Amino acid sequence: MAAWTWRFEKADGTEVQPAVEPEEFTTQGDAESWIGEQWKALLEGGADQVRLFEDSTEIYGPMSLHANES
């Protein structure tokens with residue numbers, strides 16, 4: 001079974017420890033729901049962006065945690 005995990009990064013791509021420790025998710029939807037609930041705490045804790053992985057394959061990213069300012 002695939003494991004879905006997040007990588008937490010600064011804006012320059014360096015990995016950082018997340019302010020909220022994630023679990024390993026069994027579906028992409030579960031992983032995306034979690035990030036939707038936790039992004040503010042992660043941003044406040046020092047992460048600027050995230051990447052989603054299925055096992056060792058990057059699915060997408062970097063995805064900014066900063067709200068679009070218009």
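**Figure 1. W6 is tucked away and paired with Y60.** With a relative accessibility of 8%, W6 counts as buried, because the cut-off for that label is under 20%. Everything shown here and in the other views comes from a predicted model. How many aromatic pairs are there by the rule used here? The count comes to three. In one of them, W6 meets Y60 edge-to-face, with 6.3 Å from centre to centre and 70° between the planes. Why does this pair tie together parts that are 54 residues apart in sequence? It does so because W6 sits in strand β1 while Y60 sits in strand β3, residues 57-64. Unlike buried W6, Y60 is partly exposed, at a relative accessible area of 25%.

**Figure 2. F25 and W34 make a tilted pair.** If you're new to ring pairs, here's the basic idea: two aromatic rings are described by how far apart their centres are and by the angle of their planes. For F25 and W34, the centres are 5.7 Å apart and the planes stand at 45°, so this pair is called tilted. Are these two residues buried or exposed? F25 is buried, with 4% relative accessibility, and W34 is buried too, at 10%. Add F8 to the view and you get a cluster: ring pairs link F8, F25 and W34.

**Figure 3. W34 and its contacts from farther along the chain.** Which residues does W34 touch once you leave aside its neighbours within four places in sequence? The list is W6, F8, V20, E21, P22, F25 and L42. Two of these names, F8 and F25, also appear with W34 in the ring cluster.

**Figure 4. The largest nonpolar core has 13 residues.** Within this core, W6, F8, W34 and I35 touch the most other members. Three elements each supply at least two of the core residues: β1 (4-9), α1 (28-44) and β2 (49-54). Which element gives the largest share? That's α1, with four residues. As background, nonpolar side chains in soluble globular proteins tend to be buried together.

**Figure 5. Three strands line up as an open sheet, with a helix packed on it.** The strand order is β1-β2-β3, and the pairing is antiparallel. Which strands are at the edges? They are β1 and β3, since each of them pairs on one side only. On average, neighbouring strands in this sheet are turned by 20° against each other, ignoring direction. Zoom in on β2 and β3 and you'll find five bridges joining them in the antiparallel sense. One residue to pick out is Q49, whose bridge partner in β3 is S64. Helix α1 packs on this sheet and touches β1, β2 and β3. The direction of α1 makes about 25° with that of β1.

**Figure 6. Two backbone spots to look at: D55 and the bond from G61 to P62.** A bit of background helps here: most residues other than glycine have a negative phi, and most peptide bonds are trans. D55 has a positive phi, near 55°, though it isn't a glycine. Where is D55? You'll find D55 in the loop between β2 and β3, and at 47% relative accessibility D55 counts as partly exposed. The other spot is the peptide bond from G61 to P62, which is cis, with omega near 0°. P62 itself lies in strand β3.

Note on methods:
Residues numbered from 1 in each chain as written. Predicted model: local features only at pLDDT ≥ 70, side-chain atom pairs only at ≥ 80, totals over all residues. Heavy atoms only, no water. Core = buried A, V, L, I, M, F, W, Y, C linked by side-chain atoms within 4.5 Å. Buried < 20%, exposed > 50% of the residue type's maximum accessible area, 1.4 Å probe, protein only. Contact = heavy atoms within 4.5 Å. Phe/Tyr/Trp six-rings, centres within 6.5 Å; stacked < 30°, edge-to-face > 60°. Pairing = 2+ DSSP bridges. Axes fitted to C-alpha atoms, helices over the stretch in contact; angles between N-to-C directions.
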